[in-house]
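Thanks, everyone, for making the time this morning. I would like to take you through one model, beginning with a term we will need and then moving from the chains to individual residues.

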Amino acid sequence: MTMKSPLIALALAVFAAASAGAAPDPWAGLPAAQRPALGTPALVGVWAMPKRITALRTLDGKAPPLLPAALALYRKNAAALKADPNSDPVAKCWMHGVPRLLYAPYPVLIAQEKDRINFVHEVNHTFRIISLKQPMPKDVADLDPLWLGYSAGHWAGKTLVIDSTGFNDRSWLDYSGLPHSEKLSVRETYRLVGPNTIEGRVTITDPLTFSKPWTTGFTLVRKPGYELKESVCSRDRKM
Amino acid sequence: MRRSKSLKYACIAALAVAGLASAAAAQDLSIIERLTAEDKADPKSFEPTPPPSDPRDFTGVWHVSRFPKTQGDTARQPEPVFTAMGAAEVKRLVDSEAGGRVVADAGTQCLPHGMPRLVFSPYPIRFTYMPGKIVMLHEVNHNVRIVHMDRSAPPAGEPLSFLGYSVGRWEGNTLVVVTTILNDQTRIEANVPRGPKLKVTERWTKAKNIFGATDLAVTVTTEDPDFLAQPWTRRLYFAYRSDLEKNLRSDGVVEYSCEENNRNAPGADHIVTAK
């Protein structure tokens, strides 16, 4: 059979998918101009980590390659945290930073568009808007350092890649007090390994803190039908 | 911060959030009027690229228009009409402030601003859509509103919250959002108090202004039988600001960390002493 136009081919393909009992349209409710291209993995929805990760390790289970001064700072942070949980930056309702935000024990909502991925974390209603169109600012080193940094994302095949840099040095990388400097850059990757599972990787580069880049990971599992609750740190912590 | 145009909004907003100016209802309008006079010379800066053509597609960054009168709607915003109970509470707030003791509202304490206060806070809003929901990401104190398009009423047992529970529907090309189940820790405006039966109805729609640019117009009706003698309806216009996506380097919505440096933090008695 010859197709008269790509449009007819597309219509037939969509019809075939629908009549074959394919999964419901992941982009239902999205305006046509915002729909991701056909075949884009659907990360849209609400997700959570099935198990709590409080101290980041490399993928093969080793301690992060801290430089001596950073190791001393890590031990100091950990000791302070043990003595007083309020020594944790997030106990002051400061933002979690990246990648710590991903490891906060709260669900995350992902709203996905053609040119953008929006992460809305339940914890203290913290969001990240990641453009898939705007490149990383060239002058990022001159911009004000931020808790959540400056980010640029792109699709590498079926994997979502997000690069972030321009962080302040006041957040911790995890819940155990792992420090970082303003030279931190983070690459996150998100890959759908099943309809309800995302396999994530986080590569951390910070020449003032670590002797080499290192990679850790996470798993996200879909929470169908879950609606984000209002989480308000400055009420709960009585700042 | 490298954000010349928006810095002045930030300064003005700090005042608005702190609630240090009196006559809150008139306050937002006076801000808009001042900006209109100042910025009239540069009308084109408000629609650097056209917004999506689909009348129901609000995706993008919108910021309070500096040209509210370009919609031909030149009447002043109506003032709220209070019940006796409402008037007494307004007097308490105003008298306390006149005595140098501002009774802090939610935003001053880094809490979510509440409704409808959040809509009138002069910071950018990004709209995004997903199945069954429309999400509004507000720059100010990273407030997030989720409008449930897949429900006709809040679920049973939904707890009270600062931003309440929002249910949305389309009437033609107008997005109608009804918000209820709001807690009692917020105000309608800085010195406009509220009771437990507050209900806020927003009607969002695209509208052309006299320059031919497409604004996002919202009509906000606030009903509070305890504090307002009649529903209070105000109208506000947002301009499409795709330019912010490039200029502000965070896709148009800048990181806002209230808790990091809250210079107007109130004491345990919720009082901010004028500094």
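When I speak of helices and strands, I mean DSSP runs, with at least four residues of H or I for a helix and at least two of E for a strand, numbered from the N terminus. In that sense His125(A) sits in the loop between β3 (116–121) and β4 (126–131) of chain A, and I will come back to this residue towards the end.

Please keep in mind that this is a predicted model, with an ipTM of 0.89 and a pTM of 0.86. For chain B the average pLDDT is 80, and 76% of its residues score at least 70. Residues 1–32 of chain B need caution, since pLDDT stays under 50 there, although the model has 52 contacts beyond four places in sequence for this stretch.

Let me turn to chain A. Its secondary structure comes to four helices and nine strands, and along the sequence these follow the pattern α-β-α-α-β-β-β-β-β-β-β-β-α. Chain A has 239 residues, of which 36% count as buried. If we take the contacts in chain A between residues at least 6 apart in sequence, 56% of them join residues at least 24 apart.

In chain B, the feature I would point to is a closed barrel of nine strands, running β1-β3-β4-β5-β6-β7-β8-β9-β10 with mixed pairing. Neighbouring strands of this sheet are turned against each other by 30° on average, if direction is ignored. As one example of the pairing, strand β7 (residues 174–180) of chain B and strand β8 (residues 199–208) of chain B run antiparallel to each other and share five bridges. Within β8(B), Arg203(B) is the bridge partner of Val176(B).

How do the chains meet? On the side of chain B, 37 residues are in contact with 37 residues of chain A. The elements of chain B that give two or more residues to its side are β3 (125–130), β4 (133–138), β5 (144–148) and α5 (243–247), and the largest share, four residues, comes from β3(B). By character, the residues on this side of chain B divide into 16 nonpolar, nine polar and 12 charged.

One residue on the other side of that contact deserves a moment, namely Gly29(A), which lies in the loop between α1 (6–19) and β1 (45–48) of chain A. Apart from its neighbours within four places in sequence, Gly29(A) is in contact with Tyr129(B), Met130(B), Pro131(B), Gly132(B) and Met149(B). Is Gly29(A) buried or exposed? It falls in between and counts as partly exposed, because 14 other C-beta atoms lie within 10 Å. Its C-alpha atom is separated by 39 Å from that of Thr58(A), a residue 29 places away along the chain.

Now to the packing. The largest nonpolar core has 69 residues, and among these Ile110(A) and Val120(A) touch the most other members. Strand β10 (residues 232–240) of chain B gives the most to this core, with five residues. Not counting residues up to four places away in sequence, Val120(A) touches Val108(A), Leu109(A), Ala111(A), Phe127(A) and Leu228(A), together with Val135(B) and Val144(B) of the partner chain. There is also a second, separate core of 22 residues, including Leu56(A), Val98(A), Leu178(A) and Val202(A).

Val98(A) brings me to the backbone, as the peptide bond from Val98(A) to Pro99(A) is cis, with omega near 10°. Pro99(A) is placed in the loop between α2 (68–83) and α3 (100–103) of chain A. Chain B has a cis peptide bond between Met115(B) and Pro116(B), where omega is about 5°, and Pro116(B) is in the loop between β2 (101–103) and α4 (117–120) of chain B.

Finally, two residues of chain A that are not glycines have a positive phi. For Cys93(A), in the loop between α2 and α3 of chain A, phi is about 70°. For His125(A), the residue I started with, phi is near 40°. Why do these loop residues count as buried? The threshold is 20 or more other C-beta atoms within 10 Å. Cys93(A) has 20 such neighbours and therefore counts as buried, and His125(A) is buried because it has 24 of them.

Notes:
Residues numbered from 1 in each chain as written. Chains lettered and ligands numbered in written order. Predicted model: local features only at pLDDT ≥ 70, side-chain atom pairs only at ≥ 80, totals over all residues. pLDDT = per-residue confidence, 0-100. Contact = placed C-beta atoms within 7 Å. Nonpolar A, V, L, I, M, F, W, Y, C, P; charged D, E, K, R; others polar. Pairing = 2+ DSSP bridges. Axes fitted to C-alpha atoms, helices over the stretch in contact; angles between N-to-C directions. Core = buried A, V, L, I, M, F, W, Y, C linked by C-beta atoms within 7 Å. Buried ≥ 20, exposed ≤ 12 C-beta atoms within 10 Å, placed from the backbone.
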